[in-house]
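Biologist: I would like to learn how to read a model like this one, step by step. Could you take me through it?

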Amino acid sequence: MFNNKSNSKGDSKNLLPTSTINIIGSGTSIQGDIVCEGDIRIDGQVNGLVSTKAKIVVGPEGDITGDLVCQSADILGKVTGIIKVEELLFLKGNALVKGDVYTAHFEMEPTAKFNGRCYMDDQQPETQKHGKSVLQEAE
């Protein structure tokens, strides 16, 4: 009844696909950095760096205090920190971002809020010159 000849040792690798999606669920709180290769969705709280070579989704209940580094990002929750996105950063719904953004493409819905600076060129700005910040020199 359960004897399946096609399920030999060599075929066991084909039974379940490997998952590269990571989920931090609502009610979960993480203190520390998260580094992964695949997509990540955050619906809980993270206090630290979140870095991936793929996509980050911050759900409506997601709250990150720390930097984000990724290929693309959809943010619906709250992020306080620097965001570095290689491709598209999309602020959706009631997203709240407090911090500077470095991205190639930036899209924002009218209900989202963004407080910070946005840099869309390949080079990051020079933050200090001769011991003074760029903002101090402008004054």
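Modeller: We will go from overall confidence to the strands, the core and a few single residues.

Modeller: Keep in mind from the start that this is a predicted model.

Biologist: Then confidence comes before anything else. What is the mean pLDDT of the protein, and what share of its residues reach 70 or more?

Modeller: The mean pLDDT is 83, and 73% of the residues reach 70 or more. Where pLDDT is low, the predicted coordinates should not be read in detail. Here, residues 6-17 stay under 50, and the model gives this stretch three contacts beyond four places in sequence. Residues 127-139 are also below 50 in pLDDT, with eight contacts beyond near neighbours in sequence.

Biologist: I will leave those stretches alone. How many helices and strands are there in the protein?

Modeller: The protein has one helix and 18 strands. Buried residues account for 32% of its 139 residues. The protein exposes about 9,300 Å², of which carbon and sulfur atoms supply 50%.

Biologist: And how do I read contacts along the sequence? Among those between residues at least 6 apart, what percentage join residues at least 24 apart?

Modeller: That figure is 0%.

Biologist: Let me turn to the sheets. What is the strand order in the open sheet of six strands?

Modeller: To read a sheet, follow the strands from one edge to the other. In this case the order is β2-β5-β8-β11-β13-β15, and the pairing is parallel. The edges are β2 (29-31) and β15 (113-115); each has a single partner strand, so one side of each is left without a neighbour in the sheet. On average, neighbouring strands of this sheet are turned by 5° against each other, direction ignored.

Biologist: Can we look at one pair inside it? Over how many bridges do β5 and β8 pair?

Modeller: Strand β5 (residues 45-47) and strand β8 (residues 63-65) pair over three bridges, in the parallel sense. Within that pair, V46 has I64 of β8 as its bridge partner.

Biologist: What about β7? Which residue in β7 does R41 stand opposite?

Modeller: R41 stands opposite V57. Strand β4 (residues 40-42) and strand β7 (residues 55-58) are joined by three bridges in the parallel sense. β7 also pairs with β10, again in the parallel sense, over four bridges. There, I56 has A73 of β10 as its bridge partner.

Biologist: Now the interior. Which residues have the most contacts inside the largest nonpolar core?

Modeller: They are V50, L68, I75 and I83, in a core of 24 residues. Two or more residues each come from β3 (34-36), β4, β7, β9 (68-70), β10 and β12 (83-91). The largest share, four residues, is given by β12. As for I83, its contacts beyond four places in sequence include L68, I75 and V97, and also D100 and Y102.

Biologist: I noticed two serines, S51 and S72. Is each of them buried or exposed?

Modeller: A residue is called buried when its relative accessible area is under 20%. S51 has 17% relative accessibility, so S51 counts as buried. S72 is buried too, with a relative accessible area of 16%.

Biologist: Where do they sit, and what do they touch?

Modeller: S51 is part of strand β6 (residues 50-52). Leaving aside neighbours within four places in sequence, S51 is in contact with I34, V35, C36 and V69. S72 belongs to strand β10 (residues 72-75). Beyond four places in sequence, S72 touches A54, K55, I56, V85 and L88.

Conventions: Residues numbered from 1 in each chain as written. Predicted model: local features only at pLDDT ≥ 70, side-chain atom pairs only at ≥ 80, totals over all residues. Heavy atoms only, no water. Buried < 20%, exposed > 50% of the residue type's maximum accessible area, 1.4 Å probe, protein only. Contact = heavy atoms within 4.5 Å. Pairing = 2+ DSSP bridges. Axes fitted to C-alpha atoms, helices over the stretch in contact; angles between N-to-C directions. pLDDT = per-residue confidence, 0-100. Areas by Shrake-Rupley, 256 points an atom, 1.4 Å probe, with all protein chains shown as cover. Core = buried A, V, L, I, M, F, W, Y, C linked by side-chain atoms within 4.5 Å.
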